[in-house]
Amino acid sequence: MTKTTRLLVLSVSAGAGHVRAAQALEAAAKSANPPLDATHVDLLSIVPKEFRKLYGEQYIKLVEKSPQLWSWLYSKADRPTRDSLVGKLKRAAEKLNTRKLWDEVARHEPGAILCTHFLPAELLSRARAKGRKTPPLWVQVTDFDVHALWVHPHVDRYCVASDEVAFRLADRGVPRERISVTGIPVMPQFSAALERATCAAELGLDPRKFTVLMMAGGAGVGSLDELAARLLALPGGRQPADLQIVALAGRNAELLKKLQSLAKRHRGKLFPLGFTTTVERVMTASDLVVTKPGGLSVSECLAKGKPMLLVAPIPGQEERNADYLLEAGAAVKAMDGATLAYKLGRLLDDRARLAAMGDAARRIATPYAARDVIALLSAS
């Protein structure tokens, strides 16, 4: 790939992580020296409405409402055969009306295509198998795991999170020389040096207090307001002076109202926050992050060197993300609200362990993964 080549980054908005990784890669490409002409396209924005609803919305409902069913499907699909469910899904995807995908490829005339989700990689690999000419095809895996759905014979290079993922991908038949260990891309602001006191002041926080950032809820462990209420009820001398909580409701207006109502009963203790584009600043003001172990969420926490308390990972990829973080010593895990409160209490009593978890997070962080992927691509 030459330095002047256009780059097309393809994602799928089934969960936010694939899109965030694509945005990070697009930003890195545009800030490269010299910059690349990069464009990000969410595949679900250009497919028929019915497929978009089925693929995006139903996935979210499945993992939130029926995690055990998702676990079974995830495991079943990991070693597919032609007659398996995943085999049938692949053939259905092959028949999908993808004219607009090819229109996008023709319109942008990219010198390379980089996918942060397996669906566009699947479609492009199958087209290449049938003799259709495409630009070089790269894939960025967005978890600390690799599933069979990511593995396609006509991918030129895989970028993965760790040596273990590279080993497992090679074990599935991908030539090792086509695999690069880069980490999972995060936006450049997660590697910026920020002042805790400044970021805390922006949120109305006391920088001297122990601050918990909460970004998790649902999937059987309770909503975010219920989990926050549990933590606010911690016994002992930690209350009311030693703990403050920032709870991110995102775009969920109903949840934000519940958190605001709870905050009125715990003034100076709970700080609800709606959608924000500056999560890195909230993390900077925090000592611990309570989160579900999505690949992008935890990569952002690692980039900020934050210890994590993981809540109810989705069976499959999030469980394996959690395993990676637990083995590295960067996180502990709680499977329900009671365990969350218990483990937070233990961590508050053991600041040395918290510090060690932060050190472990920094040790395995890859804050410059997006830049490194773009550098590899530009040099190829």
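How are α1 and α12 oriented to each other? The note below comes back to that question in its third point, after the two sheets have been described.

This is a predicted model, in which local features need pLDDT of at least 70 and side-chain atom pairs count only at pLDDT 80 or more, while totals for chains, interfaces and linings use all residues. Residues are numbered from 1 along each chain as its sequence is written, and side-chain values use heavy atoms, with hydrogens and water left out.

1. One sheet is open and has 6 strands in the order β2-β1-β3-β4-β5-β6, with parallel pairing. Here helices (H or I, at least four residues) and strands (E, at least two) are DSSP runs numbered from the N terminus, and two strands pair if DSSP finds at least two bridges between them. The edges are held by β2 and β6 (179-181), each of which has a single partner strand, so one side of each is left without a neighbour in the sheet. On average, and with direction ignored, neighbouring strands of this sheet are turned by 20° against each other. Within the sheet, strand β1 (residues 6-11) pairs with β3 in the parallel sense over 4 bridges, and the bridge partner of Leu7 in β3 is Ala112. Helix α6 (residues 118-129) packs on this sheet, where it touches β1, β3 and β4 (137-140), and its direction makes about 155° with that of β4. Contact means heavy atoms within 4.5 Å, and the angles, from 0 to 180 degrees, are taken between N-to-C directions of axes, which are lines fitted to C-alpha atoms, for helices over the stretch in contact. Helix α16 lies across β1, β3, β4, β5 (157-160) and β6, and runs at about 165° to β4.

2. Another open sheet is formed by 6 strands in the order β9-β8-β7-β10-β11-β12, again with parallel pairing. At its edges stand β9 (270-274) and β12 (331-334), each with a single partner strand, so one side of each has no neighbour in the sheet. From one strand to the next, the twist averages 20°. Strand β8 (residues 243-250) runs parallel to β9 and is joined to it by 5 bridges, with Val246 standing opposite Phe271 in β9. Helix α10 (residues 253-265) lies across β8 and β9 and runs at about 160° to β9, whereas helix α12 (residues 295-303) packs on the sheet by touching β10 (288-291) and β11 (308-311), its direction making about 170° with that of β11.

3. Two packed helices are described by the angle between their axes and the distance between the axes. For helix α1 (residues 17-30) and α12, the axes come within 8 Å and cross at roughly 50°. The two helices α1 and α12 are therefore oblique to each other, given that angles under 35 degrees count as roughly parallel, over 145 as roughly antiparallel, 65 to 115 as roughly perpendicular and the rest as oblique. In this contact, Gly17, Arg20 and Ala21 of α1 meet Leu296, Ser297 and Glu300 of α12. By class, the contact of α1 with α12 has 2 nonpolar, 2 polar and 2 charged residues, where Ala, Val, Leu, Ile, Met, Phe, Trp, Tyr, Cys and Pro count as nonpolar, Asp, Glu, Lys and Arg as charged, and the others, Gly among them, as polar.

4. The second largest pocket holds about 330 Å³ of space. A pocket is an open set of points on a 1 Å grid over the protein atoms alone, with protein on both sides within 12 Å along at least five of seven lines, and a cavity is a set of points where a 1.4 Å probe fits but cannot get out; lining residues have an atom within 4 Å of a point. Grid points are joined across faces, edges and corners, and a volume is the space filled by probe spheres set on the points. Of the 19 residues that line this pocket, Ala28, Ser31, Ala32, Arg371 and Ile374 lie nearest its centre. Helix α16 (369-379) gives the most to the lining, with 6 residues, and the lining as a whole has 13 nonpolar, 4 polar and 2 charged residues.

5. The structure holds 1 cavity of 30 Å³ or more. Phe144, Ala161, Ile184, Ser299, Leu302, Ile364 and Thr366 line the largest cavity, and by class this lining has 5 nonpolar, 2 polar and no charged residues.
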